[in-house]
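Reader: Could you take me through one part of this protein with some care, namely the pockets and enclosed spaces and what lines them? I would also like a word on the cysteines at the end.

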Amino acid sequence: MEVVYLNGQFLPKDQALISPDDRGFLFGDSVYEVARWYGGYFFDLPGHTGRFRRSMKETNMVWKDEAKLEEIFEELIERNGLGADCAIVYFQATRGVAPRNHAFPDPPVKPTIYGFARRHNINTLAAERGVAIWLTPDPRWNRCDIKTTALIANVLPYQEAHDQGFAEVCFVRNGFVTEGAHSNIFFVRNEALYTHPENNDILSGITRKNIISVARANDVSVVEEAVATDMIPYMNEAFICNTTGEIVPVTRISDQVIGDGNPGHLTRKLQVLLREFIQSCDPHR
Ligand code: PDD
């Protein structure tokens, strides 16, 4: 039986009940995080919990048990018997339960806090062969730096891409590629990496940050500059990255083939370097 965390308790999932007056349900007034467990340890848990705390702060949500966050992530793994597996933990906070009204509940109510863990293995076929992604205008708001569960503007274009056989959709804002519906994107040109700078137009991906530091530590030059869509034909390589998939080579963007249509050599090198770095974080080694 799957055990979840809800508002201070660990309980079987079928006993986890949330009010229809929850602001997460009524307004998408909620934030979330997802971290990856590598059969014995979380990769960059401080990165994920730090971003969760930032999302809470940016949306004026206060949770009195915030200090227990890391402990709850660990306990979700343990209580679900996932210790030796690869898994992911999702953790969500909403502004809580109150009759529908745009204004924050006054006096404030407790946030609704929900977490679950599930087994997760990487899509090795995609990581090996690469994928095609689709480009479309970015329909999202201008606070993409907040990891909110209000994801309809990500879900709709993703579904459109998915229906056409694409593995991800990437967004274009003012002529520049921002990020994917659930990933960040990197390009390679003349052996240098290009990725959108950290600002309100993208989520600051934990994988993105770790790739940047691993690349720099291995003398790969990284330019945090957005790539204009009309430069895509001149890019030698591209890849998307996130917590659930690590690095996935991109071999085609809409109908533009990237490089020779195969995963690029720098992409391959970074896949190995990132994996080695993740393994080096195993405290039991
Ligand atoms: N999504 N950009 C967006 C919009 C995302 O939703 C994600 C991750 C990323 C990559 O961030 P990170 O490297 O920290 O996973 C970028 C996760 C996987 C999700 O929503 O399931």
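Author: In this predicted model, the helix α5 gives the most to the lining of the largest pocket, contributing four residues. That helix spans residues 152-163, and it is joined in the lining by β3, β4 (86-94), β8, α6 and β12 (237-242), each of which supplies at least two residues. The volume of the largest pocket comes to about 660 Å³. Its lining is made up of 34 residues, and the closest to its centre are Tyr32, Lys147, Ala181, His182 and Ser183. Sorted by class, the lining of the largest pocket holds 16 nonpolar, 12 polar and six charged residues. Both domains take part, since domain 1 (3-119) and domain 2 (124-280) each provide at least three residues of this lining.

The second largest pocket, with a volume of about 340 Å³, is lined by 19 residues, and those that lie nearest its centre are Asn123, Ala167, His182, Gly245 and Val248. His182 therefore deserves a second look, being listed among the residues closest to the centre of the largest pocket and also among those nearest the centre of the second largest pocket. Here the largest share of the lining, three residues, comes from the strand β12, while α4 (124-129), α5, β12 and β13 (246-253) each supply at least two residues. The classes in the lining of the second largest pocket are nine nonpolar, eight polar and two charged residues.

Turning from open pockets to enclosed spaces, the count comes to two cavities of 30 Å³ or more. The largest cavity has a volume of about 70 Å³, and its lining consists of Arg36, Tyr38, Phe43, His48, Ile206, Thr207, Asn242, Thr243, Glu246, Leu274 and Ile278. At least two of these lining residues come from each of β3 (30-38), α6 (206-217) and α7 (265-280), and by class the lining has five nonpolar, four polar and two charged residues. Because domain 1 (3-119) and domain 2 (124-280) both give residues to this lining, the largest cavity lies between the two domains.

The second largest cavity, of about 40 Å³, is lined by Val177, Thr178, Ile185, Phe187, Tyr194, Thr195, His196, Glu225, Ala226 and Val227. Three strands, β8 (176-180), β9 (184-189) and β10 (192-195), each supply at least two residues of that lining, in which six residues are nonpolar, three are polar and one, Glu225, is charged.

As for the cysteines, a search of the whole structure finds zero disulfides, and two residues can serve to illustrate the point. The sulfur of Cys144 has its closest cysteine sulfur in Cys170, at 13 Å, which is too far for a bond because a disulfide needs the two sulfur atoms within 2.5 Å. Cys144 counts as buried, with a relative accessibility of 6%. For Cys281, the closest cysteine sulfur belongs to Cys86 and is 14 Å away, so this pair too is too far apart for a bond. Cys281 has a relative accessibility of 29% and so counts as partly exposed.

Conventions:
Residues numbered from 1 in each chain as written. Predicted model: local features only at pLDDT ≥ 70, side-chain atom pairs only at ≥ 80, totals over all residues. Heavy atoms only, no water. Buried < 20%, exposed > 50% of the residue type's maximum accessible area, 1.4 Å probe, protein only. 1 Å grid on protein atoms, 1.4 Å probe; cavity = no way out; pocket = protein on both sides within 12 Å on 5 of 7 lines; lining within 4 Å. Points joined across faces, edges and corners; volume = space filled by probe spheres on them. Nonpolar A, V, L, I, M, F, W, Y, C, P; charged D, E, K, R; others polar. Domains from an automatic or database assignment.
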